[in-house]
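Please open the model in a viewer and keep the sequence at hand. The tour below proceeds by selections, each followed by a description of what is found there.

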Amino acid sequence: MNIQEYFARISYDGSHKDADLQTLTAIFQHHIQAIPFENLSMHCGETIELDLQSIYNKIVRKKRGGWCLESNYLLFWALQGIGYDICILGGNSYDPAEKAYTAHINHILLKVEIKGSSYIVDAGFGGAYQAWQPVMLISGKDQPQIPGIFRFREDNGIWYFEKVKRKHYIPKESDPPTNTTEMGNIRKIYSFTLKPRHIDDFQELNTYLQVSPDNILRKKSICTLQTTEGIYALVGWTFTEMKYNYMEDTDLLQITTLTDEEVEKTLKEKFNIVLENKLVPVNVRGLPPNMVDMI
C-alpha cells in the first residue's frame, strides 16, 4: 500500500505537506466523488473482509467502492499517514420507520483535530446525507454545504447529526417514488459519542451486516456516488440522479427503472465499477430506507 496510489485512485494531485483544513477538505471531496458507497459484494457472493490490505486492494486496485466500514477505514489510513490527528468513532444510525436510533453501534465515522478545533469526517454514509466537507464539531450551529444544511446537537455527552431537508422536484417522465416516509423538515442521521474506537471494535458488526436476514443491506443492493452537482444512486433496479438546488431550496430528482443488462451498464458508465462476479440486484419494497428516504 502506498499513499500515491491512493491519491491516483481518487484523482488527487494537490499537496499534502500541510495537515490543514484546506488539504483535508480537498482530499475528502476527491474521495467521495471517486469511491462509491456500495454493498454489492454481498449481492455477488463475495465476503467483505475488514482488514486494511483487503480494503485497499478492493477499493484502490480493483476500483470498487465500499460501505462505511471500508471507505472510512481507508480514509483513516490515508489521513493518519500524512500527519492528521485522527481517531475512529462509532455511530448509531437513525431508523425513520422506528423513529429511533439503533440500540447498537452500526456506523463508523472519523474525528480530526486541527489547531484546537474538531471536525467530523465521514465518507461512508452515502445518498444525500453525505456531507461534502468536514463538519465542525460544535453544537447547535447550522453549517450550510451544497447538499444542504448540516448541524450537530449535543445532549449529555451524546452528539446528534442532522440535516435540513429540501423539497424534491420530480419530472413527469420519471418513475414515481414508492413507499415514501414523511419525516418533516429535519432528517436525523445518526448519534455518536466521542469515545475513541479501534477497527477491531467493528469486526462483529462487519460479520453481522453480511449474514443477518433482517439487515437492510441484505435486502437492498445499493451503490451511490457523489457527483459535482449531486448524486447518482442505484438501488436494486432503480437508478436515481439528483441535482442539488436545481431551483431555490429544491433538488431535481430523476428516477429510472432499469433492466438487468442496464444495471451492469450503469455500474460501469456512472460508477466506474466492473464486477468480477455476477450481481443479483435486490430491492425489497416497503422497507426503509427506500431511495427517497435515503435522499
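Select D249 first; with a relative accessibility of 36%, this residue counts as partly exposed (buried means under 20% relative accessible area, exposed over 50%, and partly exposed in between, with a 1.4 Å probe and protein chains only). D249 lies in the loop that joins β14 (238–247) to β15 (250–257); helices (H or I, at least four residues) and strands (E, at least two) are DSSP runs, numbered from the N terminus. Its phi is near 55°, a positive value in a residue other than glycine.

This is a predicted model, in which local features need pLDDT of at least 70 and side-chain atom pairs count only at pLDDT 80 or more, while totals for chains, interfaces and linings use all residues. Residues are numbered from 1 along each chain as its sequence is written, and side-chain values use heavy atoms, with hydrogens and water left out.

Move next to S11, in the loop between α1 (3–9) and α2. Here too phi is positive in a residue other than glycine, near 60°. S11 counts as exposed, at 56% relative accessibility.

Now display α2 (residues 21–34) together with α4 (residues 68–81): their axes come within 12 Å and cross at roughly 145°. Axes are lines fitted to C-alpha atoms, for helices over the stretch in contact, and angles run from 0 to 180 degrees between N-to-C directions. Which residues make the contact? From α2 they are L24, I27, F28 and H31, and from α4 they are S71, L74, L75 and L79 (contact means heavy atoms within 4.5 Å).

Continue to helix α5 (residues 203–211) and select L205, N206, L209 and Q210, which are buried. They lie on the same side of α5 because they cover an arc of only 130° around the axis, the arc being that of the directions from the helix axis to the C-beta atoms. These buried residues pack against α4, β4 (107–114) and α6 (216–219). On the face turned away from the buried side, α5 carries the exposed residues E204 and V211.

Finally, select Y94 in strand β2 (residues 85–95). Is this residue buried or exposed? At 15% relative accessibility, Y94 counts as buried. Neighbours within four places in sequence aside, Y94 is in contact with K99, A100, Y101, R187, K188, I189 and Y190. One of these partners, R187, is 93 residues apart from Y94 along the chain, and their C-alpha atoms are separated by 8.9 Å.
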